[in-house]
Amino acid sequence: MTQATTARYNLLGLDGVPAGELAALLDEADGFVAAARNRETSDLLAGRVVANLFFEASTRTRCSFTVAANRLGASAIDLSGLGSSLSKGETVLATALNLEAMGVDAMVVRSARSGTPHLIADAVACGVINAGDGRHEHPSQGLLDILTLRRRWGDIAGRTVVIVGDIANSRVARSNLHGLTTLGANVVLVGPPALVPASFMKITAGPGRVSIDHDLDEALSRADAVMTLRIQIERHGTDDGGSIPPDYRRRYGLTVDRAASLPPEVLVMHPGPVNRGVEIDAEVADDPSRSVIMEQVTNGVAVRMAVLKRAISH
Ligand code: CP
């Protein structure tokens, strides 16, 4: 859900965002791709401060919000659980209210708990951006994935994206599902039955179709792009730390042999971090002829520039 008023703009999820609003945001992000690639800066947000509140680990999202802020002339401050007064028992909400009192212009929030960015957005006056909340959504990741496909294809409507992996625990899958189907792309969700709940068929509304398949090779026969996802054992809630399902790579990994059977135009994606040799072979992840994984990362800076501009300029 986004909330745009004259007072502020939040990006809390892609669920319910109309196609026109998604397209406008992607257009704006597209306009920042050259700046992201060429390391160009502007003073559009000079003097403004972005607070990165990352209560869960991140490399790409946190750093690219910082790079995006810097490219627009804003500065970014980082706060995590370790090294902040959260470790002394201060709550997430109190933390956000203290940062608001310091006058930050936007908050970028990641949390292992679904709903934390929404809780903060209800309490503060500045724009709040969800940088990934539990299993719920990761809207800037969904946008950068869709931007990457749109730049390759021109239009994503009618295309088919296979998303394979730990769908049940993936906020990336949820945000992509909402955004892709709203814009008319079809999504095939693939993985072991325990990791691809049938309820996912119900969480989307849009012209694009959603289907579930437990046979990756069959699903790949329909793919224009395949997005591989990590098994997120940290969200499986087991006492023993969790484990990768037996035989996972053979059945659901994008192996060299499997990739070799795909038509050359099929794109390979991954949001990162990548477990090479598990959900995708290193040679496939690094294949310059079809892997767009690093393009996703660069486009992420452009998307975050567009989102920060909206969150702070409003
Ligand atoms: N894709 C993604 O969210 O990566 P990080 O966890 O490193 O931010």
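Which residues does Leu 308 touch, not counting those up to four places away in sequence? In this predicted model, the list runs to Leu 45, Val 50, Phe 65, Ala 68, Ala 69, Leu 72, Val 108, Ile 129 and Ser 313.

Leu 308 also turns up in the largest nonpolar core, a set of 60 residues. Together with Leu 143, Leu 149, Ile 163 and Leu 189, Leu 308 is among the residues with the most contacts inside that core. As for secondary structure, helix H12, spanning residues 293-313, is the top contributor and puts nine residues into the core. The core lies between domain 1 (2-137 + 297-313) and domain 2 (139-292), because both of them give residues to it. There is a second core as well, separate from this one and made of 22 residues, with Val 226, Ile 231, Val 268 and Ile 280 among them.

Next comes the ligand site. Around the ligand sit Ser 58, Thr 59, Arg 60, Thr 61, Arg 110, His 138, Gln 141, Pro 271 and Gly 272. Three of the side chains can be described by their polar distances to ligand oxygen: an N or O atom in the side chain of Thr 61 is 2.6 Å from an oxygen atom of the ligand, a polar side-chain atom of Arg 110 is 2.8 Å from a ligand oxygen, and for an N or O atom of the His 138 side chain the distance to a ligand oxygen is 2.9 Å. As for cover, the protein buries 92% of the 250 Å² that the ligand exposes when taken alone.

Two polar residues round off the picture. Thr 116 belongs to helix H5, which covers residues 116-123. With a relative accessibility of 9%, Thr 116 falls under the 20% cut-off and therefore counts as buried. Its side chain makes a polar contact, at 3.0 Å, with the side chain of Ser 111. Once neighbours within four places in sequence are set aside, Thr 116 is in contact with Val 92 and Val 109 as well as Ser 111.

Gln 232, by comparison, is found in a loop, the one that links strand E10 (225-228) to helix H9 (248-252). Is this loop residue buried or exposed? Gln 232 is buried, because its relative accessible area is 10% and the cut-off is under 20%. Leaving out neighbours within four places in sequence, the contacts of Gln 232 are with Asp 166, Asn 169 and Ser 170.

Methods:
Residues are numbered from 1 along each chain as its sequence is written. This is a predicted model: local features need pLDDT of at least 70, side-chain atom pairs count only at pLDDT 80 or more; totals for chains, interfaces and linings use all residues. Side-chain values use heavy atoms; hydrogens and water are left out. Helices (H or I, at least four residues) and strands (E, at least two) are DSSP runs, numbered from the N terminus. Buried means under 20% relative accessible area, exposed over 50%, partly exposed in between (1.4 Å probe, protein chains only). A polar contact is a pair of N or O atoms within 3.5 Å; within protein, one must be able to donate a hydrogen and the other to accept it, and residues adjacent in sequence count only if both atoms are side-chain atoms. Contact means heavy atoms within 4.5 Å. A nonpolar core is a set of buried Ala, Val, Leu, Ile, Met, Phe, Trp, Tyr and Cys residues joined through side-chain atoms within 4.5 Å. Domain bounds come from an automatic or database domain assignment. A residue is near a molecule or strand if one of its heavy atoms lies within 4 Å of it. Accessible areas come from the Shrake-Rupley method with a 1.4 Å probe; for residues, only the protein chains shown count as cover.
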